[in-house]
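Biologist: I am new to this one. Could we go through the structure together, step by step?
Modeller: Certainly. Please look at it first, and then ask whatever you wish.

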Amino acid sequence: VVMRNLFAIVVPGGMEMTGLLMILVALSTLSAAELEGTHIRVDLVLQALPEFARLPTIANGLLLTFATMVVTGVEIFGQAVYLNRNHIVTGELGVAEWQFVACATFFILLFVLALLNSLTTALGVVTRLRDPRSLTILFLWLLASATILAAALLPQYLPFELPRELRGLSAIILCFLLIFLGVHVAAGMAITALVGISMLIS
């Protein structure tokens, strides 16, 4: 940064290494943040809900995040295999990219395990309530999550065709809806990205 800003000297490969290392920096903290409960969450709507509705909503948010991260982890692993098989390297330094993407897969796996821990705890709390209203809400949220995942993974089977502009608008609405329903902000953005990209490129 100093060389670029003060002396107009660009370090060869600096940008590509920053990009690769950013993968590790961004993903390596996800599981720790989940276990410590420090992910950013907007709980404005959650706090207004009665307990019988709030707890299954939280559990469903974790379930949707868990499913999205499983899909993401599988896709990232496939990308690592592709990069390795095709010997793809960075343009400036010639560094093989697959190791960084493989590390990303590992960090996603750790996050999935942390989410599984949080999810089982949340589902346990809901079942201990023994409230039929909570179980009904949980079931309805499960249907909504299944619909979101189906739209993300199998957009070609949707019974209608959305114009590109409406797809983008739908993704933005979904993102805000998830965030205001208490899904972690990062997870809400990840779910939206998965659905939006899938709908755009089928």
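Biologist: Among contacts between residues at least 6 apart in sequence, what percentage join residues at least 24 apart?
Modeller: The share is 76%. Please keep in mind that this is a predicted model.

Biologist: How many helices and strands does the protein have?
Modeller: There are nine helices and zero strands. Read from the N terminus, the order of elements is α-α-α-α-α-α-α-α-α.

Biologist: What does the C-alpha trace span along its principal axes?
Modeller: The spans are about 65 × 40 × 35 Å. The protein has 202 residues, and 37% of them count as buried. About 12100 Å² is exposed, with carbon and sulfur atoms supplying 71% of that area.

Biologist: Now the interior. How many residues are in the largest nonpolar core?
Modeller: That core has 21 residues, and Leu27, Met69, Ile108 and Leu115 have the most contacts inside it. Helices α5 (51–85) and α6 (98–129) each supply at least two of its residues. The greatest contribution comes from α6, with 10 residues. In addition, another core of 15 residues lies apart from this one, and Ala152, Leu174, Ala187 and Ile191 are among its members.

Biologist: Is there a general reason to look for such groups?
Modeller: In soluble globular proteins, nonpolar side chains tend to be buried together.

Biologist: Let us take Met69, then. Where does it lie, and is it buried or exposed?
Modeller: Met69 lies in helix α5. Met69 counts as buried because its relative accessible area is 7%, and the cut-off for buried is under 20%.

Biologist: Which residues is Met69 in contact with, leaving aside its neighbours within four places in sequence?
Modeller: The contacts of Met69 are Ile108, Phe111, Val112, Leu115 and Ala190. As for Leu27, if residues up to four places away in sequence are not counted, this residue touches Ala104, Phe107 and Ile108. Ile108 therefore appears in both lists, and Ile108 is also one of the residues with the most contacts inside the largest core.

Biologist: Moving on to α9. How many residues does this helix have, and how far does it reach?
Modeller: Helix α9 (residues 185–201) has 17 residues and reaches 24 Å from its first C-alpha to its last, close to the 24 Å expected at 1.5 Å a residue.

Biologist: Which of its residues are buried, and what covers them?
Modeller: The buried residues of α9 are Ala187, Gly188, Ile191, Thr192, Leu194, Val195, Gly196, Ser198 and Met199. Their cover includes α5, α7 (132–153) and α8 (164–180).

Biologist: What about the loop before α9? Where is Leu181, and is it buried or exposed?
Modeller: Leu181 sits in the loop between α8 and α9. Leu181 counts as buried, since its relative accessibility is 18%. Residues up to four places away in sequence aside, Leu181 touches Val45, Leu46, Thr57 and Trp141.

Biologist: A change of topic: how many salt bridges does the structure hold?
Modeller: The structure holds one salt bridge. Arg133 forms it with Asp131, and the closest N and O atoms are 2.9 Å apart. Arg133 is partly exposed at 47% relative accessibility, whereas Asp131 is buried, with a relative accessible area of 14%.

Biologist: And the backbone? What is phi of His87, and what is phi of Arg130?
Modeller: Phi of His87 is near 50 degrees, and phi of Arg130 is near 55 degrees. Most residues other than glycine have a negative phi. His87 lies in the loop between α5 and α6 and is exposed, at 66% relative accessibility. Arg130 is in the loop between α6 and α7 and is likewise exposed, with a relative accessible area of 73%.

Biologist: Finally, the surface. Which residues make the nonpolar patch of about 600 Å²?
Modeller: The patch is made by Val2, Met3, Leu6, Phe7, Ile9 and Val11. Of these, Val2 is placed in helix α1 (residues 2–7). Val2 counts as exposed because its relative accessible area is 51%, and exposed requires over 50%.

Key
Residues are numbered from 1 along each chain as its sequence is written. This is a predicted model: local features need pLDDT of at least 70, side-chain atom pairs count only at pLDDT 80 or more; totals for chains, interfaces and linings use all residues. Side-chain values use heavy atoms; hydrogens and water are left out. A nonpolar core is a set of buried Ala, Val, Leu, Ile, Met, Phe, Trp, Tyr and Cys residues joined through side-chain atoms within 4.5 Å. Buried means under 20% relative accessible area, exposed over 50%, partly exposed in between (1.4 Å probe, protein chains only). Helices (H or I, at least four residues) and strands (E, at least two) are DSSP runs, numbered from the N terminus. Contact means heavy atoms within 4.5 Å. Patches are made of residues with over 30% relative accessible area and no salt bridge: like charges are joined within 9 Å, nonpolar side chains (Val, Leu, Ile, Met, Phe, Trp, Tyr) within 5 Å. Accessible areas come from the Shrake-Rupley method with a 1.4 Å probe; for residues, only the protein chains shown count as cover. A salt bridge is a side-chain nitrogen of Lys or Arg within 4 Å of a carboxyl oxygen of Asp or Glu. The expected span of a helix is 1.5 Å times one less than its number of residues.
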